Amino acid sequence: MLAFILRRLLQSIAVLLTVGVVAFSLFRYVGDPINAMVGQDTSMEERETLREKLGLNDPAPLQFLNFIVNAAQGKFGLSYRTSEPVGRLILERVPATLELSFCAAVFALFVGVPMGVYTGLYPRHWSSRLFQAVSLIGISLPTFLIGILLILVFAVWLRLLPSFGRGETVQIGWWTTNFLTWSGLKALILPSITLGLFQLTLLMRLVRSEMLEVMRTEYIKFARARGLTNRAINFGHALKNTLVPVITVTGLQLGALIAFAIVTETVFAWPGVGQLFIQSVQFSDIPVMAAYLLLIGLLFVLINLTVDLLYFVVDPRLRSQGGSARVAGH
Amino acid sequence: MASQTNNPPLLEVKNLRVEFPTRRGTLLAVDDVSFDIAPGEVLGVVGESGAGKSLTGNAIIGLLEPPGRIAGGEIRLEGRRIDNLPYEEMRKIRGARIGAIFQDPLTSLNPLYSVGRQLVETIQTHLPLSAAEARTRALDLLKEVGIPGAESRIDHYPHQFSGGMRQRVVIALALCAGPRLIVADEPTTALDVSIQAQIIALLKRLCREHGTAVMLVTHDMGVIAETADRVAVMYAGRIAEIGPVRDVVKHAKHPYTKGLMGSIPSLGVRTERLTQIDGAMPRLTEIPTGCAFNPRCTERGQRCLVERPDLMAAGTSRAACWLHDRGGVGAPIVKEMVDA
Ligand SMILES: Nc1ncnc2c1ncn2[C@@H]1O[C@H](COP(=O)(O)OP(=O)(O)OP(=O)(O)O)[C@@H](O)[C@H]1O
Ligand code: SF4
Ligand SMILES: [Mg+2]
C-alpha cells in the first residue's frame, strides 16, 4: 500500500511538472514579458538590462527551474494588468471560488446521491421516471442558461435572492467567508445551484445505474435469502458497493467544479479566481493565467490523491496483503 | 432415513404454479407441482436445464424474480401458509426458518464486508443476541463448517478465501440462525470437481447434526444417490417421478427417469451429459398436449398424445406416466415418418 501511495505521489509530481511546462511556455513564449512590463519610451539598453536582471537570457531549462522554484513559493511575479503580485491577487479570490465550489458539491452530493438511490431502487415508479426526465434537461442545458433562468425567476420575478456578487463577507485572517452573514449565505444559493446542477444529475444517473446493477448481483439476492432488512440491504450492502465509482466521479467532478466555476462566476459576477482568469485572458495577463493553470493543476492532483486514498478505505480488496500491487496494476 | 410418513411434513408444496406474463401470453414455468419434505429429510431435485427446479426453490423462499409470480397452489412451512405472506413477514422467515444456498460462492458474499460481519449481521437480524454473543456464535459456525484458523479468519474478506472456503462460509451463513429447511440450488456446480464432494459431505453432515431438512437441486446423480433420502425428477415444469432415492435410481418408473439413469452415474457426472434420450425438453411455449414427454418417449401410446398423466402410485414411488395406470398408454402409435 505504501508503494502504491509513493507511486501515486510520483505520478502527481510528474503531472504538476507537465502543467508547469505549459504554464512556463505561456510565460516565456506567448508575447514578450518585457514589452508588457515597460512603457513605450524605454530604451533598448534599459530593456536589455531588465532582461538580464529578470534572467530572461538564461538557458531555458535554468529559467524553467527558476520558474518552478518561484512557483512553489507562490511567487508568480506581477500582474501585467494591475501590477499587483499575482500570488496575492489569486489568494484574495481563492476563498470565493472554493466556497462556491464546496456548496455546489455538497448540493450535488446530498441531493444527487439520494435521488440516484431512490430511482435505482424503484426504477418503475412514476417519480423515478420524472427524476430521470428532469435530469436529462439538467444534463443538456448549458450552465450559463441555467444561471440566467434562475436569475430571471428568483432575482427578477420573485425578488427573493441576489443575482450577483458575494453579498457581505467576513474576514478571517486572509480568508473571506460567505458563511457568517445572512446576505452572504443568500448570495451563495443561486450560483451553487447553477454550478452544482450538472454534477447533481451526473451523480444521480451514475448512482442509479450502479444501484440497478448491484441490485441484480448474487450477493444482494443472497442477502435477501438471509432475511436481512431492506434498509440493511439497500443502504448497507447495495449503496456501499456503488461507492467506488461515486467517489471517482465526485473527485473528478470536484476538480471540474472549480475549473468550470469560470462560467458561473461570470454569470453571477462572483469575485472568484474564474472571473479573474477571464479578465486576465482579455488583457493577456500571462502571469495570472500561468498561476491559475498551476493552481487548477495542483487542485486536480490533490483531489485525485484523496480519491485514491478513499478507495482503500472503501474496498478491502485493495487493502489486504500485497493486494495493492496486484490491483494497482490494472 | 427420515422419510417415514408418520412425521408431519415440514414443508408442503401443493399444486404450485409459477408463471411469467410475457407479451405473447403467459408462460407456465412450474405447472402443478406438489411434494412434501419431512423434518430432517434431504429431497434431491433433478432434471434438465429449464425444468423449473430453481423457480420451485425460489418460490419456496419467496424470492421469485418479477415478473415471475406464484399463480396457484400453496406452500406451507410447519403447517403455516407462507406463499401469500407480506414481504416483511416472509423476510423474517427467510434466514431464520428457511435458509438458502446458491450456485456461486464467489458472488454470494458481499465483497466489501468481512465474513464475520456478514455472519453477525445475519445472526442479529434473527436472534436476540448481543454483538459479542453473535460473534461467538459466528466463530463457532466457522469452526463447524471447517474453516481452519477461524479466530483469525473471521475478520477476513471474501476475496481472501478460496472458492471452497467461501462456499463453507455461505453454508455457515445459511445455517447461522438455525433454519429448519435449506434450499440448496446447485451448491457445488461452480466449484472445482475435487472440492464438490467435500462440500456436499459437509452440508449433509451439518444438516443431519442440526436436524435441518434440505431441498437439494443438482445435476449430479452421484450426489443425489449419496445424499438424498428421496428424489424428485422434474420435466418441463412438472414432477415426472418422485420416490425414495434407491428405488428411483435403481428401479425408475418413468421412462424419462429410466433414460436419466440409463448409464450408471458416477460422482461428478452431470445429467446433461449422460442424457441418453433423443431430442430435447420442449420449450415452455411448445409443450405438447398429453404427456409432455411423449415426443421423446419410446413407450408412448395413443393415450399419451391426448391425456396428461398426473403423479400416480408406481411401486414405492409415484410417477406421472400412463404405464402405471390401469388403463395403460392406449393403442400403439404406428411409426411413419419418425425416422426421417
Ligand atoms: N424471467 C423469466 N422470464 C421468462 N421465462 C423464464 C424466466 N426465468 C425463468 N424462465 C423459464 O422458466 C423455466 C424454468 O427455469 P428454472 O430456472 O427453474 O430452470 P432450472 O430447472 O433451474 O434449470 P437450470 O438447471 O438451468 O438451473 C425455464 O424454461 C426458463 O426459460
Ligand atoms: S405417459 Fe406415455 S408418453 Fe408419457 S412417459 Fe408415460 S409412456 Fe411415455
Ligand atoms: Mg436452476
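**Exercise 1. Salt bridges between the domains**

Task: In this predicted model, find how many salt bridges are counted between domain 1 of chain A and domain 2 of chain A, and name the residues of the salt bridge that A:Asp308 forms.

Solution.
- Step 1. Start with the count: one salt bridge between domain 1 of chain A and domain 2 of chain A.
- Step 2. Look up A:Asp308. Its partner in a salt bridge is A:Arg8. The closest N and O atoms are 2.7 Å apart.
- Step 3. Place the residues. Domain 1 of chain A is assigned to 2–72. Domain 2 of chain A is assigned to 87–283 + 291–320.
- Step 4. Check the polar contacts too. One residue pair is in polar contact across this interface, counting pairs with both residues at pLDDT 80 or more.

**Exercise 2. The domain 1 side**

Task: Which elements give two or more residues to the side of domain 1 of chain A that touches domain 2 of chain A, and which gives the most?

Solution.
- Step 1. List the elements: helix 1 (2–29) and helix 4 (60–72) of chain A.
- Step 2. Rank them. Helix 1 of chain A gives the most, with 12 residues.
- Step 3. Sort that side by class. It has 11 nonpolar, two polar and one charged residues.
- Step 4. Turn to area. About 930 Å² is buried between domain 1 of chain A and domain 2 of chain A, and carbon and sulfur atoms give 88% of it.
- Step 5. Name the main contributors. A:Phe4, A:Leu16 and A:Val19 supply 42% of the area that domain 1 of chain A buries against domain 2 of chain A. No other three residues supply more.

**Exercise 3. A buried threonine**

Task: Is A:Thr97 buried or exposed, and which residues more than four places away in sequence is A:Thr97 in contact with?

Solution.
- Step 1. Locate A:Thr97: helix 5 of chain A.
- Step 2. Apply the cut-off. Buried means under 20% relative accessible area. A:Thr97 has 1%, so A:Thr97 is buried.
- Step 3. List the contacts of A:Thr97, leaving aside neighbours within four places in sequence. They are A:Ile258, A:Ala261, A:Glu265, A:Trp270, A:Gly272, A:Val273 and A:Gly274.
- Step 4. Follow two of these onward. A:Val273 and A:Gly274 are among the buried residues of helix 11 (residues 273–282) of chain A.
- Step 5. See what surrounds that helix. Its buried residues pack against helix 5 (86–121), helix 10 (230–267) and helix 12 (286–314) of chain A.
- Step 6. Look just past helix 11 of chain A. There A:Ser284 takes a positive phi of about 50°.

**Exercise 4. Chain A meets chain B**

Task: How many residues of each chain are in contact, and which side chains meet in a salt bridge with an N to O distance of 3.2 Å?

Solution.
- Step 1. Count the residues. Chain A brings 22, and chain B brings 27.
- Step 2. Take the area. About 2400 Å² is buried between chain A and chain B, with 59% from carbon and sulfur atoms.
- Step 3. Find the residues of chain A that lose the most area to chain B. These are A:Lys221, A:Phe222 and A:Arg226, together 28% of what that side buries.
- Step 4. Find the salt bridge. The interface of chain A and chain B has one. The side chains of A:Arg226 and B:Glu121 meet in a salt bridge at 3.2 Å, N to O.
- Step 5. Add the polar contacts: 14 residue pairs, both residues at pLDDT 80 or more.
- Step 6. Name the elements. Helix 9 (218–225), helix 10 and helix 13 (316–319) of chain A each supply at least two residues of the side that touches chain B. Helix 9 of chain A gives the most, with six residues.
- Step 7. Sort by class. The side of chain A that touches chain B has six nonpolar, eight polar and eight charged residues.

Definitions and conventions
Residues numbered from 1 in each chain as written. Chains lettered and ligands numbered in written order. Predicted model: local features only at pLDDT ≥ 70, side-chain atom pairs only at ≥ 80, totals over all residues. Heavy atoms only, no water. Domains from an automatic or database assignment. Buried area = accessible area lost by both parts, 1.4 Å probe. Salt bridge = Lys/Arg side-chain N within 4 Å of Asp/Glu carboxyl O. Polar contact = N/O pair within 3.5 Å; in protein donor to acceptor, adjacent residues only side chain to side chain. Nonpolar A, V, L, I, M, F, W, Y, C, P; charged D, E, K, R; others polar. Buried < 20%, exposed > 50% of the residue type's maximum accessible area, 1.4 Å probe, protein only. Contact = heavy atoms within 4.5 Å.
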